[in-house]
Amino acid sequence: MDDSTSSNTAVSKPKEWFYSFLLWREKHIKEKNFVLFLALLVGICSGLAAIVLKLFIHYISTVLTAGVNLESGNYLYILLPAIGVILTALYVRYIVRDDISHGVTRVLYAISQNKSRLKKHNMYTSVIASSVTIGFGGSVGAEGPIVYTGAAIGSNLGQVFRMSPRILMILVGCGAAGGIAGIFKAPIAGMLFTLEVLMLDLTTMSVMPLLISSITSTTLAYVYTGYEFEFFFAQTEGFYTSRIPYVIGLGIVGGFVSLYFTRAMNMMENFFGRFKNRWLKTLVGCSILSCLVFIFPPLYGEGYGSIVSLLAGDTSAIVNGSIFYSDRDSVWFLCLFIGLVIATKAFATSATNGAGGVGGTFAPSLYVGCLTGFLYAFIINNLGWCELSTKNFALIGMAGVMSGVMHAPLMAIFLTAELTGGYDLFLPLLIVSTISYGTIKIFEPYSIYTMRLAKRGELLTHHKDKAVLTLLKINNVIETDFLPVSPEMTLKDMVDTIAKSKRNLFPVLDESGRLLGVVLLDEIRNIMFRPDLYRRMRVNTFMSVPPAKIEIGQSMDTVMKTFDTTGAWNLPVVEDGRYVGFVSKSKIFNSYRRVLRHYCDD
């Protein structure tokens, strides 16, 4: 008995101390100041997570590919990616027991629909799953998982300190920014990712925490891995203004490659979505992935080795480990090979995720951009049109395709510059990113991350005036203080009901509660003071049919469209035909203003 009591006391004391601290903090430290401290913690944790993820991927990949022969095909490329995806699928299904794919999309969903709350296991499960997937050769990137991990760290840390949903949203952004900044050593790109992709508002409340988190995470990465750029790039060939027309051309090409990549990913996602049997889907996905990686080894893993080679001017290294190694000196074979790698990267990435692997599309877009820029300059050079620097255009292409795929031109510009140190190419980076983004926007209004949520009407962070409606639920704006009447009631009974009501609208219901119509006070005002009609007229003679009915479960966007179509200010809400209440346009407007103020207040 004494041991039990002392044990309970030992457990409760830390809780009491923590709750006392929370109360002290609420009294003495303003929320705007405390969030800066939390941003620092989030930056440290997300930076450490990024370091661990990179370390795991590098270690697994190095061990598994140590015996790869660079001068011929390798059957390991058939086995390893499939093994990695199967191990990941087993881990996710039987240990995690939750869907952790499409990390950036899930962060957007949490912000839009779940008050920026993410589960505790998201702080580490994506790191483990993506390490296995990518380390074994899955053709995806680590950035999606690290964004998910960092966002979960920010969300859960904010929940521990009982922060409001508005602050949780900022901390989720801090985690995402810290993850990107830590894995790429790119603090500005980390912050811009949150602003452009997650679409957090640029306010004095959000900028400082994002900067603190990004800088802290990047500092940890520098301390651990040194001050070298992620992709070493030495600009040995200058950029001349006479090359600007070719840069504009690359921007257009990058836009269409982005469109192809996005559409191919979307098509393959729909293809895998049709499978009902989980293991059949895994088998099909692994087969596609293994075949593509065996034929085109540059598709193995993140593909950063190919990027480093092209930025260093080593053209033929792209076919290392391939069955086509002997053809590496053929100019037009190289063009065909690189073109096919660009064309199949989206399929390899989709197959990895569709089969059960965990990874993102961030690195694949960077990879495809590098190959696109290189191939563009390589073809022009060999056609004799101009002498372009393939290294420079490979770097510029990275920004172009990433800008188009992610709909984030600023992030693409700064990330490319921070990754490579190619600040001397800032002007062409600006041109390519802007033109690529403008090109794809003509065809695709949403990025590869947001289109899934946009189709379901669950996207808060883009087009905010419309999207704030997604936070409103029909159940929260229904008014039920309307007095119902029956169709057989006399005018006298109707007048008595009016005297008791504070409303000028009355639903007409049958015995089972089904809505038959409505009575508007304005429409019977001319007869309600005529006693000679009290016993002669019944409700069914002067009730009217509502212009429309709202069904429980309809999105608020649909409800507002119904109000606009009918011109009504009040509409009845039904569930399977049974009356529930009324919803008014003024009530929705009031709720809308309250939510908007709550999420956008500085």
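## The β4-β5 hairpin

In this predicted model, strands β4 and β5 make a hairpin in which 2 residues lie between the strands. Asp576 sits in that turn and has a positive phi of about 55°. β4 covers residues 570-575 and pairs with β5 in the antiparallel sense, over 6 bridges. Within this pairing, Pro572 has Phe582 of β5 as its bridge partner.

## The sheet around the hairpin

The hairpin belongs to an open sheet of 3 strands, ordered β3-β4-β5, and the pairing in this sheet is mixed. β3 (550-551) and β5 (578-584) are the edge strands; each has a single partner strand, so one side of each is left without a neighbour in the sheet. The pairing of β3 with β4 is parallel and consists of 2 bridges. Here Ile550 is placed opposite Val573 of β4.

Helix α23, made of residues 556-566, lies across β3, β4 and β5. Its direction is at about 135° to β4.

## Helix α7 and Lys185

Helix α7 spans residues 165-184, which is 20 residues. From its first C-alpha to its last it reaches 29 Å, close to the 28 Å expected at 1.5 Å a residue. How many of the residues of α7 are buried? The count is 20 of the 20, so α7 is largely enclosed by the rest of the structure.

Lys185 comes just after α7, in the loop between α7 and α8 (187-196). Its phi is near 55°, a positive value in a residue other than glycine. Is Lys185 buried or exposed? Lys185 counts as buried because its relative accessibility is 6%, which is under the 20% cut-off.

## His407

His407 is located in the loop between α15 (390-406) and α16 (409-420). It is not a glycine, yet its phi is positive, at about 55°. With a relative accessibility of 10%, His407 counts as buried.

What does His407 touch, apart from residues up to four places away in sequence? The contacts are Glu196, Met402, Tyr437, Ile440, Lys441, Glu444, Pro445, Tyr446 and Ser447. For one of these, Tyr446, the backbone oxygen lies 3.5 Å from a polar atom of the His407 side chain.

## Cys386

Cys386 lies in the loop between α14 (362-383) and α15. Its relative accessibility is 15%, and Cys386 therefore counts as buried. Setting aside neighbours within four places in sequence, Cys386 is in contact with Arg243, Tyr246, Ile380 and Asn381.

Asp424 is 38 residues from Cys386 along the chain. The C-alpha atoms of Cys386 and Asp424 are separated by 21 Å.

## The chain as a whole

The protein chain has 602 residues, of which 55% count as buried. It contains 24 helices and 5 strands. Taken along the principal axes, the C-alpha atoms fill a box of roughly 105 × 75 × 50 Å. Among contacts between residues at least 6 apart in sequence, 76% join residues at least 24 apart.

## Confidence in the model

The average pLDDT of the protein chain is 86, and 92% of the residues score at least 70. Over residues 4-11, the pLDDT is below 50. In the model, this stretch has 0 contacts beyond near neighbours in sequence.

Note on methods:
Residues numbered from 1 in each chain as written. Predicted model: local features only at pLDDT ≥ 70, side-chain atom pairs only at ≥ 80, totals over all residues. Heavy atoms only, no water. Pairing = 2+ DSSP bridges. Helix = DSSP H or I, 4+ residues; strand = E, 2+ residues; numbered from the N terminus. Contact = heavy atoms within 4.5 Å. Axes fitted to C-alpha atoms, helices over the stretch in contact; angles between N-to-C directions. pLDDT = per-residue confidence, 0-100. Buried < 20%, exposed > 50% of the residue type's maximum accessible area, 1.4 Å probe, protein only. Polar contact = N/O pair within 3.5 Å; in protein donor to acceptor, adjacent residues only side chain to side chain. Expected span 1.5 Å × (residues − 1).
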